[in-house]
Amino acid sequence: MEDENITDENTTEPTTTEPPNDADDVQSTEHTEQVQLLQSQVLALQTTAVESAIGQLGYQPRAVLTHTPVTELLDANGNPDPALIAAATEAAAAEFGLAHVPRRPAPVPTLGSGKAGQPSVIPTWGQILKG
């Protein structure tokens, strides 16, 4: 029978050869799952930022992202690159014949809803004809 303590030639301390621990496998699996979860969350945030930038250019993000994946529109640090996004948007618009989508003007809360001068009760045609 071999001795479980094996001495490495470069060290003075004996090392033991033990079978892998199940707890180590569980920790490794949990770590891998956490890394995958965080990577998917970062990709979702990057996608949202890229979609917003494409929308500001006046095009449908889904059409542009069909042409070019999100990961190709990021700089070396993982941030959306405006130049890459603009180039990809122009290329997708040219290839697919995308129409420029006009943006709706932002509502101005101080102007109200536009219903200030309307009566609260609108008369029916019958009421109007009876006079």
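Student: Let's start with T47: in which helix is it found?
Tutor: Quick ground rules, as this is a predicted model: local features need pLDDT (the predictor's confidence in each residue, from 0 to 100) of at least 70, side-chain atom pairs count only at pLDDT 80 or more, and totals for chains, interfaces and linings use all residues. Residues are numbered from 1 along each chain as its sequence is written, and side-chain values use heavy atoms, with hydrogens and water left out. Helices (H or I, at least four residues) and strands (E, at least two) are DSSP runs, numbered from the N terminus. On that basis, T47 sits in helix α1.

Student: Does T47 count as buried or exposed?
Tutor: Buried means under 20% relative accessible area, exposed over 50%, and partly exposed in between (1.4 Å probe, protein chains only). T47 has a relative accessibility of 18%, so it counts as buried.

Student: Which residues is T47 in contact with, leaving aside neighbours within four places in sequence?
Tutor: Contact here means heavy atoms within 4.5 Å. With the neighbours within four places set aside, T47 is in contact with L65 and V70.

Student: And Q46, which residues does that one touch, not counting those up to four places away?
Tutor: Q46 also has its place in helix α1, residues 22-56. Its relative accessibility is 16%, so Q46 is buried. Leaving out residues up to four places away in sequence, Q46 touches V70, L74 and G78.

Student: How many residues are in the largest nonpolar core?
Tutor: A nonpolar core is a set of buried Ala, Val, Leu, Ile, Met, Phe, Trp, Tyr and Cys residues joined through side-chain atoms within 4.5 Å. In soluble globular proteins, nonpolar side chains tend to be buried together. Here the members of the largest core include V50, Y59, V64 and A88, and the full count is 12 residues.

Student: Which element gives the most to this core?
Tutor: α1, α2 (61-67) and α3 each supply at least two residues of this core. The top contributor, with 4 residues, is α3.

Student: Which residues does V50 touch, again not counting those up to four places away?
Tutor: V50 is one of the residues of the largest nonpolar core. Not counting residues up to four places away in sequence, V50 touches L65, V70, L73, L74, P80 and I85.

Student: What is the relative accessible area of V64?
Tutor: V64 is found in helix α2. Among its contacts, leaving out residues up to four places away in sequence, are I54, Y59 and A92. V64 counts as buried because its relative accessible area is 0%.

Student: What distance separates the C-alpha atoms of Y59 and A93?
Tutor: Y59 is in the loop between α1 and α2. With neighbours within four places left aside, its contacts include V64, T89, A93 and L98. Y59 and A93 are 34 residues apart along the chain, and their C-alpha atoms are separated by 8.1 Å.

Student: How far does α3 reach from its first C-alpha to its last?
Tutor: The expected span of a helix is 1.5 Å times one less than its number of residues. α3 has 15 residues, and its reach is close to that expectation, at 21 Å.

Student: Within what arc do the buried residues of α3 fall?
Tutor: Those residues are I85, A88, T89, A92 and A93. They line one face of the helix, because seen down the axis of α3 they fall within an arc (of the directions from the helix axis to the C-beta atoms) of 135 degrees.

Student: Which residues are exposed on the other side of α3?
Tutor: That is the side opposite the buried set, which includes A88 and A92. The exposed residues there are A83, E90, A94 and E95.

Student: What separation do you get between the C-alpha atoms of A88 and L73?
Tutor: A88 has 7% relative accessibility, so it counts as buried. L73 is among the residues A88 touches, not counting those up to four places away in sequence. These two are 15 residues apart along the chain, and their C-alpha atoms are separated by 7.8 Å.

Student: Stepping back, where in the protein chain is confidence highest?
Tutor: The protein chain averages a pLDDT of 81, and 74% of the residues score at least 70. Confidence is lowest in strand β1 (residues 5-7), at a mean of 54, while the highest, at 93, is in helix α3.
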